[in-house]
Amino acid sequence: MNRIQEVHDGVYWVGSPGLTSSEDCCVYLVDLGNLVLIDAGAGKSASAILQNVESLGFRAENLSAVVATHCHFDHIGGIPKLKKETGCQIIAHELDAGPMEIGDPVRTAAEWYHASFPPTRVDYKLNEVREVLKFEKGELLCLHTPGHTPGSISVILDRDGKRVLFGQDIHGPFAESFGSDLPAWRKSMDILLGLKADILCEGHFGVIKPEQEVEGFIKGYLQQHEE
Ligand SMILES: [Zn+2]
Ligand SMILES: [Zn+2]
């Protein structure tokens, strides 16, 4: 079993196959006065994720939002339970909110997991190229970075002179059934390279740092998927 890690001041890695459940993406907690989760895992581990939050000294009921970076089951499966238990708000890009709200088995990739995702309301739908989410003690910048899915977003936290980039599944994979778009993805990756992030919190590869490693990670995937 891996251990919960503090990735950066007030940023914690609270879910992953080694931490919570084999189906889970990496799940990150950001303390912004309000507690915010970046993605939610595949579902079976929702209680384990909340336990991990509490083990850090926080109260699970103070979870105020889950930002879904995209609509895949390994990232959103835990949302219905987290919402029920904590009353947290669900935030996603409008292009990926649709499949969540109808429980689309293909677009959410739930069928890949031999599971179903119940239709779940998205409380706040992002629809701008860049949008700032304000919380009690800080903010998150959400960038629309389509490619893996049409409504994929990347989330940026600037704190203590460091830039943390939550770039879940920026490595892909790409599939027609996901609505993937490689030309759009290349443009999105160029935008992410321009951010010069110090720390990349990735969806399945965990935490990548420092800046040169983040750049190398993104460029490596760009080379794999050259035009
Ligand atoms: Zn995905
Ligand atoms: Zn994933």
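What spacing do the donors of the zinc ion (ligand 1) follow along the chain? They follow H-x1-H-x75-H-x20-D, where donors are N, O and S atoms within 2.8 Å of the metal (3.2 Å for Na, K and Ca) and sites may look incomplete, water not being among the atoms. The model is predicted, so that local features need pLDDT of at least 70 and side-chain atom pairs count only at pLDDT 80 or more, whereas totals for chains, interfaces and linings use all residues. Residues are numbered from 1 along each chain as its sequence is written, chains are lettered from A and ligands numbered from 1 in the order in which they are written, and side-chain values use heavy atoms, with hydrogens and water left out.

The zinc ion (ligand 1) has as protein donors His70 (NE2), His72 (ND1), His148 (NE2) and Asp169 (OD), which lie 2.1 to 2.2 Å from the ion. The angles among these four donor atoms are 89 to 170°, and the site is irregular. Four donors count as tetrahedral if all angles lie between 85 and 135 degrees; four count as square planar and six as octahedral if opposite donors are over 155 degrees apart and all others between 65 and 115; anything else is irregular. The pair His148 and Asp169 links distant parts of the chain, 21 residues apart: His148 is in the loop between strand E9 (138-144) and strand E10 (153-159), and Asp169 in the loop between strand E11 (162-167) and helix H5 (182-195). Helices (H or I, at least four residues) and strands (E, at least two) are DSSP runs numbered from the N terminus. His148 has a relative accessible area of 3% and is therefore buried; Asp169 is likewise buried, at 3%. Buried means under 20% relative accessible area, exposed over 50%, and partly exposed in between (1.4 Å probe, protein chains only).

Asp169 also bridges the zinc ion (ligand 1) and the zinc ion (ligand 2), which lie 3.5 Å apart. Coordination of the zinc ion (ligand 2) is by Asp74 (OD), His75 (NE2), Asp169 (OD) and His204 (NE2), at 2.0 to 2.4 Å. This site is irregular too, with angles of 82 to 157° among the four donor atoms. The donor residues of the zinc ion (ligand 2) have the sequence spacing D-H-x93-D-x34-H. Here the pair His75 and His204 links parts of the chain 129 residues apart, His75 being in helix H2 (residues 73-76) and His204 in the loop between strand E12 (199-202) and strand E13 (206-208). His75 is buried, with a relative accessible area of 0%, whereas His204 is partly exposed at 36%.

An open sheet is formed by seven strands in the order E1-E2-E3-E4-E5-E6-E7, with mixed pairing; two strands pair if DSSP finds at least two bridges between them. Strand E1 (5-8) and E7 are the edge strands, each pairing on one side only. Neighbouring strands of the sheet are turned by 25° against each other on average, direction ignored. Axes are lines fitted to C-alpha atoms, for helices over the stretch in contact, and angles run from 0 to 180 degrees between N-to-C directions. Strand E5 (residues 63-67) and E6 run parallel and are joined by three bridges; Ala65 has Gln89 in E6 as its bridge partner. Helix H3 packs on the sheet, where it touches strand E4 (34-38), E5 and E6, and its direction makes about 165° with that of E5. Contact means heavy atoms within 4.5 Å.

Within H3, the buried residues are Ile79, Leu82 and Thr86. They lie on the same side of H3 because they cover an arc of only 65° around the axis, the arc being that of the directions from the helix axis to the C-beta atoms. These buried residues pack against E4, helix H1 (46-55), E5, H2, E6 and H4. Gly87, with a positive phi near 70°, follows H3.

In helix H4 (residues 94-102), the buried residues are Asp96, Ala97, Pro99 and Met100. Their arc of only 165° puts them on the same side of H4. They pack against H2, helix H3 (79-86), strand E6 (89-93) and strand E7 (124-126). After H4 comes Gly103, whose phi is positive, near 65°.

Strand E8 (residues 130-135) has a covered face of Glu131, Leu133 and Phe135, and an uncovered face of Arg130, Val132 and Lys134. E8 pairs with E9 in the antiparallel sense over six bridges, and the two form a hairpin with two residues between them. The bridge partner of Phe135 in E9 is Gly138.
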